[in-house]
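Colleague: I'm new to this one, and I'd like to learn how to read its features. Could you walk me through them?

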Amino acid sequence: MPTFKVLKRVEAYVDYHIDVEAEDAKSAAEYATAEDEELDWQQSATTEFEESRIVTLDADGNEIDDTAFGDF
């Protein structure tokens with residue numbers, strides 16, 4: 001009997017944070033937005049949701065669409 005690699009992908013948010021010195025909260029967010037790529041963000045949490053997709057992968061690691069269950 002053949003063996004297949006099946007992928008389960010779960011919808012999630014990954015949260016990052018950084019401490020920013022600023023005059024007010026809005027200025028802190030503006031600075032973080034402007035300097036996003038330059039900042040050393042620290043991962044702080046991962047939140048998974050109910051939605052998920054399960055699908056079989058082909059030999060190249062690509063999803064075989066007609067084997068998929070679930071969607072997000």
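Modeller: Happy to. Let's start with a word we'll need: a residue is called exposed when its relative accessible area is over 50%, buried when it is under 20%, and partly exposed in between. Keep in mind that this is a predicted model.

Colleague: Let me try that on E50. Is E50 buried or exposed?

Modeller: E50 has a relative accessibility of 79%, so it counts as exposed. As for its place in the chain, E50 sits in strand β2.

Colleague: Which residues gather with E50 in a patch of negative charge?

Modeller: E11, E51 and D71 join E50 there, and the patch lies on the surface.

Colleague: Now salt bridges. What's the general idea?

Modeller: Side chains of opposite charge can pair when their charged atoms come close. The cut-off here is a side-chain nitrogen of Lys or Arg within 4 Å of a carboxyl oxygen of Asp or Glu. By that rule, this model has three salt bridges.

Colleague: Which residue does R9 meet in a salt bridge?

Modeller: R9 pairs with E63, at 2.9 Å from N to O. R9 belongs to strand β1 (residues 6-17) and E63 to the segment after β2 (42-56), so this bridge ties together parts that are 54 residues apart in sequence. Both ends are partly exposed: R9 has a relative accessibility of 39%, and E63 has 27%.

Colleague: What about the other bridges?

Modeller: E63 also has a salt bridge with R53, where the closest N and O atoms are 3.0 Å apart. That one links strand β2, which holds R53, with the segment after β2, which holds E63, and the two residues are ten apart. R53 has a relative accessible area of 15%, so this residue is buried.

Colleague: Where does D65 come in?

Modeller: D65 forms a salt bridge with R53 as well, its closest N and O atoms being 3.5 Å apart. D65 is in the segment after β2, twelve residues from R53 in strand β2. With 60% relative accessibility, D65 counts as exposed. Put the shared partners together and you get one network that joins R9, R53, E63 and D65.

Colleague: Nice, a little chain of charges. How do I read aromatic rings?

Modeller: A pair of aromatic rings is described by the distance of the centres and the angle of the planes. This structure holds one aromatic pair. The ring centres of Y13 and F49 are 5.0 Å apart and the planes meet at 85°; planes over 60 degrees apart count as edge-to-face, so that is what this pair is.

Colleague: Where do Y13 and F49 lie along the chain?

Modeller: Y13 is in strand β1 and F49 in strand β2, 36 residues apart, and the pair links these distant parts of the chain. Y13 counts as exposed at 54% relative accessibility, whereas F49 is partly exposed at 35%.

Colleague: One last thing: how far is F49 from L39?

Modeller: Their C-alpha atoms are separated by 28 Å, and the two residues are ten apart along the chain. L39 lies in the loop between α1 (25-34) and β2. At 18% relative accessibility, L39 counts as buried.

Notes. Residues are numbered from 1 along each chain as its sequence is written. This is a predicted model: local features need pLDDT of at least 70, side-chain atom pairs count only at pLDDT 80 or more; totals for chains, interfaces and linings use all residues. Side-chain values use heavy atoms; hydrogens and water are left out. Helices (H or I, at least four residues) and strands (E, at least two) are DSSP runs, numbered from the N terminus. Buried means under 20% relative accessible area, exposed over 50%, partly exposed in between (1.4 Å probe, protein chains only). Patches are made of residues with over 30% relative accessible area and no salt bridge: like charges are joined within 9 Å, nonpolar side chains (Val, Leu, Ile, Met, Phe, Trp, Tyr) within 5 Å. Accessible areas come from the Shrake-Rupley method with a 1.4 Å probe; for residues, only the protein chains shown count as cover. Lys and Arg count as positive and Asp and Glu as negative; His and the chain ends are not counted. The place of a charge is taken as NZ of Lys, CZ of Arg, CG of Asp or CD of Glu. Rings of Phe, Tyr and Trp (its six-membered ring) pair if their centres lie within 6.5 Å; planes under 30 degrees apart count as stacked, over 60 as edge-to-face and the rest as tilted.
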